[in-house]
Amino acid sequence: QVQLVESGGGLVQPGGSLRLSCAASYSNFRLRTMGWYRQAPGKQREWVATIISSGSTNYADSVKGRFTVSRDYAKNTVYLQMSSLKPEDTGVYYCNVDGFGRNGLQGPYWGQGTQVTVSS
């Protein structure tokens, strides 16, 4: 099984910054893709950013240039550095991973979510 523990959410003013972390713990598993989704009140969950095992990254157009996704391979942790935050970035942010277990590609696995609120 894969367990994900997120941290780093909170309340921030528009234009501010936050860094989210998501630590993965597992056995008999090799991480492949790590990323972030978010869900605003009354809206569907949407993809934010992804980083694959090679280090290549992709971002939603709405966060490109403001958010940076990175991973620490030794710590099995993925980060989301968020800058120039806007009120529309408010929502619950979820960590998402997949990878290879005994039966091949498995996942996605989800974290519990961390609240990000951008408000003055």
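This is a guided tour of strand pairing and salt bridges in a predicted model.

**Strand S1**

Begin by selecting residues 2-7, which form strand S1. Colour Val2, Leu4 and Glu6 one way, since they make up the covered face. Gln3, Val5 and Ser7 make up the uncovered face. In a regular strand, side chains point alternately to one face of the sheet and the other.

Next, add residues 18-26, strand S3. S1 and S3 are antiparallel and pair over six bridges. To find the register, look at Leu4, which has Ala24 of S3 opposite.

**Strands S3, S8 and S7**

Keep S3 on display and select residues 77-82, strand S8. S3 and S8 run antiparallel and are joined by six bridges. Here Arg19 faces Gln81 of S8 as its opposite residue. Switch on a surface for the remainder of the model: five of the six residues in S8 are buried, so the strand is largely enclosed by the rest of the structure.

Now add residues 67-72, strand S7. S7 is also antiparallel to S8, with six bridges between them. Asp72 has Thr77 as its bridge partner in S8. The hairpin of S7 and S8 leaves four residues between the strands. Centre on Asn76 in this hairpin, where phi is positive, near 50°.

**Salt bridges**

Hide the strands and show charged side chains; five salt bridges are counted in the model.

Select Arg32 and Asp98 for one of them, where the closest N and O atoms are 2.9 Å apart. Arg32 belongs to strand S4 (residues 30-39) and Asp98 to strand S9 (residues 91-101), so this pair ties together parts 66 residues apart in sequence. Arg32 is partly exposed, at 30% relative accessible area, whereas Asp98 is buried, at 13%.

Move to Arg38 and Glu46, whose side chains form a salt bridge with an N to O distance of 2.6 Å. Which of these residues is buried, and which is partly exposed? Arg38 counts as buried, with 6% relative accessibility, while Glu46 is partly exposed at 35%. Extend the selection to Arg66 and Asp89: together with Arg38 and Glu46, these residues are linked in a network of salt bridges.

The last stop is Lys64 with Asp61, a salt bridge in which the closest N and O atoms lie 3.2 Å apart. Asp61 is exposed, with 67% relative accessibility.

How values were computed. Residues are numbered from 1 along each chain as its sequence is written. This is a predicted model: local features need pLDDT of at least 70, side-chain atom pairs count only at pLDDT 80 or more; totals for chains, interfaces and linings use all residues. Side-chain values use heavy atoms; hydrogens and water are left out. A salt bridge is a side-chain nitrogen of Lys or Arg within 4 Å of a carboxyl oxygen of Asp or Glu. Helices (H or I, at least four residues) and strands (E, at least two) are DSSP runs, numbered from the N terminus. Buried means under 20% relative accessible area, exposed over 50%, partly exposed in between (1.4 Å probe, protein chains only). Two strands pair if DSSP finds at least two bridges between them.
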